[in-house]
Amino acid sequence: MKNILAFAGSNSSTSINQRFVEFVASEIKEHHIKVVNLVNYQMPMYSEDEEKKGFPAMTMGLKQQISEAEALIISVNEHNGSWSAFFKNIIDWLSRLDRNFLEGKKILLMSTSPGKRGGVGSLNYAKNVFPRFGAEIIESFSFPSFYDNFSVESNRVTDETLLLGLNEVLSTFAQQIK
């Protein structure tokens with residue numbers, strides 16, 4: 001049984017990426033999963049001047065949780081085709097604390113959005129950036145039209161084709177981290 005840390009790159013109190021990562025985490029039974037909400041990791045906007053004051057305790061706490069996990073499930077939100085400024089700020093702080101903060105981490109990378117592209121721009125950006133910090137992307141999944149394909153009330157995927165695709169990705173991820 002592996003330890004997995006799961007989170008979304010959003011600071012919205014109604015984040016569909018946080019809801020999606022929580023749903024996916026609940027579907028993986030054979031590993032221990034800890035879901036965190038990055039809203040609880042407030043950090044000042046990164047700058048060299050801020051770094052000279054020292055690293056925020058929240059950065060070190062999140063880095064420690066990432067270090068303790070053997071794999072990660074990350075759902076990235078999308079703002080104008082890329083990560084949100086909130087998530088980029090967190091990644092900036094983590095990478096300044098330790099350039100290889102994702103070294104040896106196997107990642108299931110996901111995204112969702114209300115639109116038909118499912119946050120694929122942000123997903124592709126993350127696929128290119130995370131390996132620079134040592135990550136190994138095992139699987140990725142873009143979940144389009146969240147409100148049309150997911151029931152918030154019953155906490156389930158309503159589109160059978162998407163559910164089959166998601167289950168295949170989850171199965172492959174679970175096998176690859178054994």
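The sheet is the place to start: in this predicted model, five strands line up in the order 2-1-3-4-5, forming an open sheet with parallel pairing. Strand 2 (32–35) and strand 5 (136–143) sit at the edges with a single partner strand each, so one side of each has no neighbour in the sheet. Step from one strand to the next and the twist averages 20 degrees.

Now zoom in on one of those pairings. Strand 1 (residues 3–8) and strand 3 (residues 71–76) run parallel and are joined by five bridges. If you want a landmark there, look for F7, which stands opposite I74 in strand 3.

What lies across the strands? Helix 1 (residues 16–27) does, and its reach takes in strand 1, strand 2, strand 3, strand 4 (106–112) and strand 5. Against strand 4, helix 1 runs at about 135 degrees.

On to the charged side chains. The count comes to five salt bridges, and three of them are worth a walk-through here.

Begin with D98 and K63, whose side chains meet in a salt bridge at 3.4 Å, N to O. This pair ties together distant parts of the chain: D98 belongs to the loop between helix 4 (85–97) and strand 4, while K63 is in helix 3 (residues 57–68), and 35 residues separate them. How exposed are the two partners? D98 is partly exposed, with a relative accessible area of 26%. K63, on the other hand, counts as buried, because its relative accessibility is 16% and the cut-off for buried is under 20%.

Next, stay with helix 4 itself. Here D92 forms a salt bridge with K88, and their closest N and O atoms are 2.9 Å apart. Why do these two line up along the helix? They are four residues apart in helix 4, so about one helical turn separates D92 from K88. Both ends of this bridge have some access to the outside: D92 counts as partly exposed at 22% relative accessibility, and K88 is partly exposed as well, with a relative accessible area of 38%.

Last comes the salt bridge between E50 and K53, where the closest N and O atoms are 3.1 Å apart. The two partners fall into separate classes: E50 is partly exposed, its relative accessible area being 21%, whereas K53 is exposed at 65%.

Technical notes: Residues are numbered from 1 along each chain as its sequence is written. This is a predicted model: local features need pLDDT of at least 70, side-chain atom pairs count only at pLDDT 80 or more; totals for chains, interfaces and linings use all residues. Side-chain values use heavy atoms; hydrogens and water are left out. Two strands pair if DSSP finds at least two bridges between them. Axes are lines fitted to C-alpha atoms, for helices over the stretch in contact, and angles run from 0 to 180 degrees between N-to-C directions. Contact means heavy atoms within 4.5 Å. A salt bridge is a side-chain nitrogen of Lys or Arg within 4 Å of a carboxyl oxygen of Asp or Glu. Buried means under 20% relative accessible area, exposed over 50%, partly exposed in between (1.4 Å probe, protein chains only).
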